[in-house]
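Here are a few exercises on charged side chains and their surroundings. Grab your viewer and work through them one at a time.

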Amino acid sequence: MESLARQRPRAHDGGAAAELAVFTATEELLQETSLHDLTVAQIIKRAGLSRANFYHYFASKFDVVVAMVSRLLTDTYTAEGPWNSELGRSRQRALDDNLERTIGMWSTHGPLICAVVENMHGHPALGAAWNVMLQRFVSAIAEQIEHERAADRAPAGAPAELVATVLVCGYERSFYIGQRGLEPRIPDPGATVAAITELTLAGIFGAKRRTKRARKRKSGADGPIAVAAVREPPAPATGGDAETKATILRATSELLGEMTLDQLSVANILDRSKLSRATFYFYFGNKDDAFIELFQSVADRIVQGFVDLADADRADADAIRGIIHTWLELDAADLGVLRNAIHEWPRRPELRQRYLDTVATMTTTLERIIENDRAAGLAVDGPPAAEFAAVLLWTIERSIAGSLAGEAHLRDIDAVAAFLGDLLVSAVYGV
């Protein structure tokens, strides 16, 4: 069977009956199972094909998904896309039209697209296929930004490609969260439209966009904000046991700076820590247990840094920017753990729940800040605070994920963090 997978008699074009049967079977199966658990045997059985027939066209299940995504993007985004529209109002209308078309695509083909988003950082071919569409949108939006800046309708600032990439990352992640039903504030992709529109205006036009300061209300504006509870870290153990456990965690953290969680093994950890296998298994059941503990420690620090925003003088925009910039100044020692968590959480159930809880805590805090500051007349009117806070936080999360993955236009994490701070302030406060 390996020889069948290696020998591709001809390139597939997506038009043969057998290929179409494979596409249909795969999309049906992705509604029932994850891409990680999906097997070629399942596809063959559902499609009613022989194994030889399958391998005549495809090398693997990932090859199938790459072909499906390429076909989907071709069918959805024709020559009428925004990249072929004139700059200015025509380009903006085309972008708006394609936003609706994109939401329709997610609604119809959600399981397929979600499978790509969940696996694109682990499988370069999937990432490359998906990025074909993302980069077309990035280019179209970046050209529009440059056009608006040249006309002095938008302020100078971060590189247009960086701004456009952050916005597209926000669209993708918000649609994904809505499609998977992972955030009650975003029940489906269509629920993001108002927040995404406001986010786009803030990203492109900044303080030059038209905003209306929320009317100050007498009640509930001046009291302290009830922030979401931050998990109390466990009390550290004492003595040699604590030192041994810390040695294991330190070795795991160092290795995750050099390799992925999939590549990491207990043997690697033992070699780096110079400890016995029995010692490791006294503290942890497997490598994932050690990783979860590391992630929770990093997550607690990130959450606390964001919750500090609730105590800031938010009448001072520079103070808010300073807190956001500090919050996004990630500790170099945490980057390996954070990169793996950001890329792996959609695929690992226990990690996923902890990750979602972390983002939910920050989202609830931001939601309450927006509500409070609108009531105080500090923030501008806009979409419902719950929806807006969720889209903002997931835009930040996805942009940092892209930066840690070295995606185009996001490689300078300091520049990304600086723009994200400016974006949040502009989106919420209009300055």
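Before starting, a cut-off: a residue is buried under 20% relative accessible area, exposed over 50%, and partly exposed in between. Keep in mind that this is a predicted model.

**Exercise 1.** Find out how aspartate 288 and arginine 348 pair up, and classify each as buried, partly exposed or exposed.

*Solution.* Start with the distance. The closest N and O atoms of aspartate 288 and arginine 348 are 3.4 Å apart, and the two form a salt bridge. Next, place them on the chain: aspartate 288 sits in helix H13 (residues 287–307), while arginine 348 is in the loop between helix H15 (335–344) and H16, so this pair links distant parts of the chain, 60 residues apart. Now the accessibility. Aspartate 288 comes out at 28%, so it counts as partly exposed. Arginine 348, at 18%, is buried.

**Exercise 2.** What do arginine 185 and glutamate 367 tie together?

*Solution.* First check the contact: their side chains meet in a salt bridge, at 3.0 Å from N to O. Then look at where they live. Arginine 185 belongs to the loop between helix H8 (160–180) and helix H9 (193–205), and glutamate 367 to helix H16 (residues 349–375), so the bridge ties together parts that are 182 residues apart in sequence. Finally, the accessibility: arginine 185 is buried at 18% relative accessible area, and glutamate 367 is buried too, at 16%.

**Exercise 3.** How many residues apart are arginine 354 and glutamate 350 in helix H16?

*Solution.* Take the bridge itself: the two side chains meet at 3.9 Å, N to O. Both residues are in helix H16, 4 residues apart, so about one helical turn separates them. On accessibility, arginine 354 is partly exposed at 29%, and glutamate 350 is partly exposed at 45%. Zooming out, salt bridges with shared partners join Asp262, Asp288, Glu344, Arg347 and Arg348 into one network. The whole structure holds 24 salt bridges.

**Exercise 4.** Is leucine 351 buried or exposed, and which residues is it in contact with, leaving aside neighbours within four places in sequence?

*Solution.* Locate leucine 351 first: helix H16. Its relative accessible area is 2%, so leucine 351 is buried. Then list the contacts, leaving aside those neighbours: Phe291, Ile292, Phe295, Ala341, Glu344 and Trp345. For one of these, alanine 341, the C-alpha separation from leucine 351 is 7.5 Å, with their positions 10 residues apart along the chain.

Note on methods:
Residues are numbered from 1 along each chain as its sequence is written. This is a predicted model: local features need pLDDT of at least 70, side-chain atom pairs count only at pLDDT 80 or more; totals for chains, interfaces and linings use all residues. Side-chain values use heavy atoms; hydrogens and water are left out. A salt bridge is a side-chain nitrogen of Lys or Arg within 4 Å of a carboxyl oxygen of Asp or Glu. Helices (H or I, at least four residues) and strands (E, at least two) are DSSP runs, numbered from the N terminus. Buried means under 20% relative accessible area, exposed over 50%, partly exposed in between (1.4 Å probe, protein chains only). Contact means heavy atoms within 4.5 Å.
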